[in-house]
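Biologist: Please take me through one part of this model closely, its largest pocket, and then add whatever else helps me to find my way around. I work at the bench, and a short explanation of each term would be welcome.

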Amino acid sequence: MYLDKKTLKIGRNDPCPCGSGRKYKKCCLHKGKQPSTQSTEELYFNSYKIRLKKAEDIEAIRKAGRLVLETLDLAEAAIRPGIATGELDAIVHEHTLAHGATPAPLHYRGFPKSCCISVNEVICHGIPDDRILNDGDIVNVDVTSILNGYFADANKTFFVGIPGPDARKIVSTARESLRVGMDMVRPGNTIGDIGWAIQHYAESQKCSVVREFVGHGVGFAFHEAPQIPHYGVRGEGVALVPGMVFTIEPMINLGKKDLKVLKDKWTAVTRDNSLSAQFEQTVLVTETGFESMTPYD
């Protein structure tokens, strides 16, 4: 897709701006419709409710992202056999407040804690409590901070003590799944390209991709358009353009992809009790590729 600073020009082989996921030449071109002459910002908001970020927004999200990474580092340093997940949540909460920020999960739709902590078979949205971490566990810590009105979101899965071979495999696969997804982020690629890359890699490792939870736009709010599935078809979906900011956060299961949500209405676990791991970063689409707003190796 060719972009200039004022308008979005659609080529015959580019994704159609109507949002169908088809190429322009196979969609609205045959209906006698012309490519939109709206500004990129107008087109993406009117068509997809996607709010593109300007330079000042991007810098503010970067600052929130740096705080998220500092907070994750503190949580990682505290992880050991014998610590309770509630103690990790307290570390996240106190560090966030001490830096003039707010933990976005706290009271979000009734969520009672300042971060999500998911252990072993828990896929996501684990509620920190008095659960004790044991040697050999894997634990995901998911942090979203609001700093000066801007949101950044990231998570990592950590080993507790000495991991076994299954733990090593699922954590490695989830980490690499995030990397291959991020590598697909550049102008002209589509949301479907991201999901395709993640699914292709994870399934090549005999693991599965959770369907029910997706990445999402972020920055002005906790969850914005667009949704970013971690599975999909290459070339389908909304075309990526500079200024888009969203999370990629594949949830990868060692067993089957099926899940169930527990009675607390938050905690999602693998139905077959297999291990699940996740890594997440907030990414910006740039003119030439992407930049992580929450960069880690």
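Modeller: Here is the pocket, followed by a small sheet, one of its cysteines and two loop residues. This is a predicted model, where local features need pLDDT of at least 70 and side-chain atom pairs count only at 80 or more, while totals for chains, interfaces and linings use all residues. Residues are numbered from 1 along each chain as its sequence is written, and side-chain values use heavy atoms, without hydrogens or water.

The largest pocket holds about 630 Å³ of space. (A pocket is an open set of 1 Å grid points with protein on both sides within 12 Å along at least five of seven lines, and lining residues have an atom within 4 Å of a point.) Of its 28 lining residues, Y108, H125, F213, H223 and W266 are the closest to the centre. By class, the lining has 13 nonpolar, seven polar and eight charged residues. Two or more lining residues come from each of β6 (138-147), β9 (215-217) and β10 (224-228), where strands are DSSP runs of E, at least two residues long, and helices runs of H or I, at least four. β10 contributes the most, with four residues. That strand also contains P226, and the peptide bond leading into P226 from A225 is cis, with omega near 5 degrees.

Now to the sheet. It is open, with three strands in the order β5-β14-β13, paired antiparallel; pairing takes at least two DSSP bridges. β5 (122-124) and β13 (259-261) each have a single partner strand, so one side of each is left without a neighbour in the sheet. Two bridges join β5 to β14 (residues 268-270), and C124 has A268 as its bridge partner.

C124 is buried, at 6% relative accessibility; buried means under 20%, exposed over 50% and partly exposed in between, with a 1.4 Å probe. Its sulfur lies 7.6 Å from the closest cysteine sulfur, that of C116, which is too far for a bond. In fact, the whole structure has zero disulfides, a disulfide being a pair of cysteine sulfurs within 2.5 Å. C207 is buried as well, also with a relative accessible area of 6%.

Just before C207 in the numbering comes K206, in the loop between α5 (191-204) and β8 (208-209). K206 is exposed, at 70%, and has a positive phi, near 65 degrees, although it is not a glycine. H107 also has a positive phi, near 70 degrees. H107 sits in the loop between β3 (102-103) and β4 (116-119) and is exposed, at 62% relative accessibility.

Key. On a 1 Å grid over the protein atoms alone, a cavity is a set of points where a 1.4 Å probe fits but cannot get out, and a pocket is an open set with protein on both sides within 12 Å along at least five of seven lines; lining residues have an atom within 4 Å of a point. Grid points are joined across faces, edges and corners, and a volume is the space filled by probe spheres set on the points. Ala, Val, Leu, Ile, Met, Phe, Trp, Tyr, Cys and Pro count as nonpolar, Asp, Glu, Lys and Arg as charged, and the others, Gly among them, as polar.
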